[in-house]
Amino acid sequence: MRVNFTVNGRRQEADDVWEGESLLYVLRERLGLPGSKNACEQGECGSCTVRLDGVPVCSCLVAAGQVEGREVVTVEGLADYAKQRAAQGGCAPGACGGPSPDGARAEDGTSVRDAQDWSARGTDSQTGEGTELSPIQQAFIDAGAVQCGFCTPGLLVAADEMLERNPTPTDADIREALSGNLCRCTGYEKIMDAVRLAAARQGEVV
Amino acid sequence: MSAKPIPAASARQGGAPVGTPTKLTQGSQTRGGVGESTLRPDGTLKVTGEFAYSSDMWHEDMLWGQILRSPVAHAEIVSIDTSEALAQAGVYAVLTYDDLPTDVRNYGLEIQDTPVLAHGKVRHHGEPVAIVAADHPETARRAAARIKVEYRELPVVTDEASATAPDAVLVHENRDDHHVGHVPHPNIVHRQPIVRGDVAAARERADFVVEGEYTFGMQDQAFLGPESGLAVPAEDGGVDLYVATQWLHSDLRQIAPVLGLPEDKVRMTLSGVGGAFGGREDLSMQIHACLLALRTGKPVKIVYNRFESFFGHVHRHPAKLHYEHGATKDGRLTHMKCRIVLDGGAYASASPAVVGNAASLSVGPYVLDDVDIEALALYSNNPPCGAMRGFGAVQACFAYEAQMDKLADKVGMDRVEFRRLNAMSQGTVMPTGQPVDSPAPVAELLRRVKAMPLPPERQWESSEGADVRQLPGGLSNTTHGESVVRGVGYAVGIKNVGFSEGFDDYSTARVRMEVAGGEPVVTVHTAMAEVGQGGVTVHAQIARTELGVAQVTIQPADTRVGSAGSTSASRQTYVTGGAVKNACELVREKVLEIGRRKFGTYHPAWATAELLLEGGKVVTDGGEVLAGLVDVLDGESVEVEEEWRHRPTEPFDLRTGQGFGHVQYSFAAHRAVVEVDTELGLVKVIELACAQDVGKALNPLSVVGQIQGGTIQGLGIAVMEEIIVDPVTAKVRNPSFTDYLIPTILDTPTIPVDVLELADDHAPYGLRGIGEAPTLSSTPAVLAAIRNATGLRLDRTPVRPEHLTGTA
């Protein structure tokens, strides 16, 4: 079958999709977006977390056909997503109702021009210098919340969504919101530090 | 299920596959030498989703490999019929034992007892029997399911009794390995006794004797990145293999003979590794992917799902431990006798080395001159067990720390003071006869961890009632504080660092300095497996400190440079860090040589002063600048590749266990605070504080991260993690994250860490390997806290609710 949907503001079309494929498989193997991870493929680890029409979901549990006509944000688009949200006064695309800027339809999310500009960056890295990151991404690096990094994309999407809803979370709030994301390296302590840091920096800006 | 994916946005036609690792460069904005909390060079790639893990590899026209595994634990294979599987549309190859290309058909870390594909017999649930390549993963899975294998089941060996009974079934007939001569039974892989002093005489001095029988469950590494990789057949008949592993050259040594290729035609590159913890020390899909790629002439990708991952790597040895300790009235330990039986499962893997560790570290960090120790590993039809963080020392620590609490109570001493009184220190002689010749601040670590402020009581109470999220049972809303009891427990442990028992434990580093873009830059190339620990960060820091540059490039790890040894045994910062430091020093000498040749006549300090490289310049130890590195190099580049070794060790005597077996020791202490709902048997760990000596923290942020992560893996085996193997069928019952639980962020407490830095003069920068020690003492500390809260004995781990409610 053919599946049409929007990923990180860009229209995508996947052909020859077998009905049994998950959204995760289509992202990783058909669209060249392997940022969403495949640690368990049974909805237990959260490493494949993406936003589907704004809602965090385990993309391994979403059948590819279910995303027809819908909007997906993955870790690859998180920096742009956060930037756009900040530009809209804290509202995620489509999250606060009403038309988007530029007169674009809400379902389009990113403007066509932005979408055309977006792409995964090259493969040689001047690491950590001059890359524009979302606040939660920067906080994960700064706090030492990244070790092997396999859980990181899912945690970033989940944590970013929580901070969107709850800009001043308590520790108990953070633990509750991230309880669906397994990490085996860090013992979670520096992930807590990172989310607290992102919240504090967000508070300073406002 | 059509084959063709849409080419990825960045897919390259032909050439290298998508996701090929590339160099990491921290440019001139980055500062940070040894001792600073420099940020990871791969951090940005990892938070943007661009970092390519082995399961992210992609190649045009690639096929997917699938392994068919045994559904039973022990059986003869009567027949295999692959015809129906081969006939499926989209299937390119189905291979069994009969298709293996050479006479080398087994592999193994130390003993080559593991079949690449089962030969006439399977010895454990999940053993690989056949492999399939197809154009879609689901096609491959369905084809594998159509391979018809007829099994004739055999009796299973599941424990010591069934392994060593007079009529025991032999797991391996006709053993010819180097341990078979000294083991009492062919179902024992290796046995290591250690005898020192006179236990009988020392026992006479004891006022109190405490015995205990302890059980340690089977733990899984549960790294999140599944076993995976991509094998690409090459025009020269060789293969390029991109894979997640802990030791490229050890893999290579095992892979090449099976393929019938010289090692230089199996070109391995480390792909992104999603955690390891020992579980990637053995091969998983490496040979299978190469076989399928060479057979089909197409790139083959294999990615295990989580179910398969539980069968696809070795686990931590479950153990039965019997201990006897004695103490005098004034609290001095008199003697110790112990017997540690580890279940190694169907294949040897790292069992012999785990036995050596369990035996030599069975005393713990205590002064004990009269000991009688025996450790052994069984062959059985249970899942194979091998390396996992802590490696034999973890099981022993769980038992001896329970013994310490029991003894302290008998003597009537405070449990921490009892430990401090008996704590080893620099100069203490190990049961192996080896003196501890660097700081061993055991008593100080215990003092520090006890001195940390305790978390306040009844934290769940607020003006709006109980916050159930902070209580045992959490949002299940099972208590608002009633029947909740607090307990506090302490433990301390000792772990060896590096490969022991005479192993030639070296690493190799290639370091180049040149001028690029008008500034001096350094490139570091090693085969070290970065599995998340932060070795890449530390290598750049070492290069900055030693060579005075800002910009450092870390080359991808591959087999084009010499072996770095394994990313295990807490050894990489010590050994590959040591190799990088050594290579940098040699580069510095060459650079200074060039400088002396060019500029020596202009300033006498070139000949007389101690010269350093700092801030891109050659300076004297007095701080005087002699020349810029750009001017010294002037277009030249300086490159060195050199092996580096720590001081040698020696094997343990097979009868007495005596020998200078270990390079270095590492110590950590924990205090656990738990709250237990005694009615339901639910445990919430409130805080898990750790004090650890790290010698020198090369990167304090990473050091603390390692300690916290290790601590929580210890919490996991204390209260939730266990692979359940059916005692009758030897089949694994819970191979999923639904049924095998690892700690979530809700199960995890705050983890305050107190880092002590007492230099080990034998090690580079005085550092101490740190990765494993925190995994030892965390488990017994949590158990001690639960015992303290409930008054129960609790001689097994993990503790489950039924053990706390009398319903087990």
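Which residues of helix 9 of chain B are buried?

**Figure 1. Helix 9 of chain B and its surroundings in a predicted model.** The buried residues of this helix are Ser351(B), Pro352(B), Ala353(B), Val354(B), Val355(B), Gly356(B), Asn357(B), Ala358(B), Ala359(B) and Ser360(B), where buried denotes 20 or more other C-beta atoms within 10 Å of a residue's own, exposed denotes 12 or fewer, partly exposed lies in between, and C-beta atoms are placed from the backbone. Helix 9 spans residues 351-360 and is mostly covered, with ten of its ten residues buried; helices (H or I, at least four residues) and strands (E, at least two) are DSSP runs numbered from the N terminus. The covering elements include strand 10 (188-196), strand 18 (333-343), strand 19 (371-378), strand 20 (385-386), helix 10 and strand 23 (484-497) of chain B. Residues are numbered from 1 along each chain as its sequence is written, while chains are lettered from A and ligands numbered from 1 in the order in which they are written. Because the model is predicted, local features need pLDDT of at least 70 and side-chain atom pairs count only at pLDDT 80 or more, whereas totals for chains, interfaces and linings use all residues.

**Figure 2. The largest nonpolar core.** A nonpolar core is a set of buried Ala, Val, Leu, Ile, Met, Phe, Trp, Tyr and Cys residues joined through C-beta atoms within 7 Å. Of the 310 residues in this core, Val132(B), Cys290(B), Ala543(B), Val674(B) and Val782(B) touch the most other members. Helix 10 (residues 393-411) of chain B contributes the largest share, twelve residues. The core lies between domain 1 (56-154 + 226-273 + 280-312) and domain 2 (506-645) of chain B, because both give residues to it. Beyond its neighbours within four places in sequence, Val782(B) is in contact (C-beta atoms, placed from the backbone, within 7 Å) with Gly489(B), Ala672(B), Val674(B), Val685(B), Leu715(B), Ala718(B) and Val719(B).

**Figure 3. The two domains of chain B.** The domain bounds come from an automatic or database domain assignment, and the centres of domain 1 and domain 2 of chain B, taken over C-alpha atoms, are separated by 40 Å. The contact takes 13 residues from domain 1 of chain B and 14 residues from domain 2 of chain B. On the side of domain 1 of chain B that touches domain 2 of chain B, helix 6 (248-259) and strand 14 (266-270) each supply at least two residues.

**Figure 4. The side of chain B that touches chain A.** Here 69 residues of chain B are in contact with 63 residues of chain A. Strand 1 (24-26), helix 1 (43-48) and helix 17 (700-719) of chain B each supply at least two residues of this side, and helix 17 of chain B gives the most, with seven residues. The model scores ipTM 0.96 and pTM 0.95.

**Figure 5. Residues 3-13 of chain B, where confidence is under 50.** The mean pLDDT of chain B, that is, the predictor's confidence in each residue from 0 to 100, is 96, and 98% of the residues of chain B reach 70 or more. Over residues 3-13 of chain B, however, pLDDT stays under 50, although the model has 26 contacts beyond four places in sequence for them. Where pLDDT is low, the predicted coordinates should not be read in detail.

Technical notes:
Contact = placed C-beta atoms within 7 Å.
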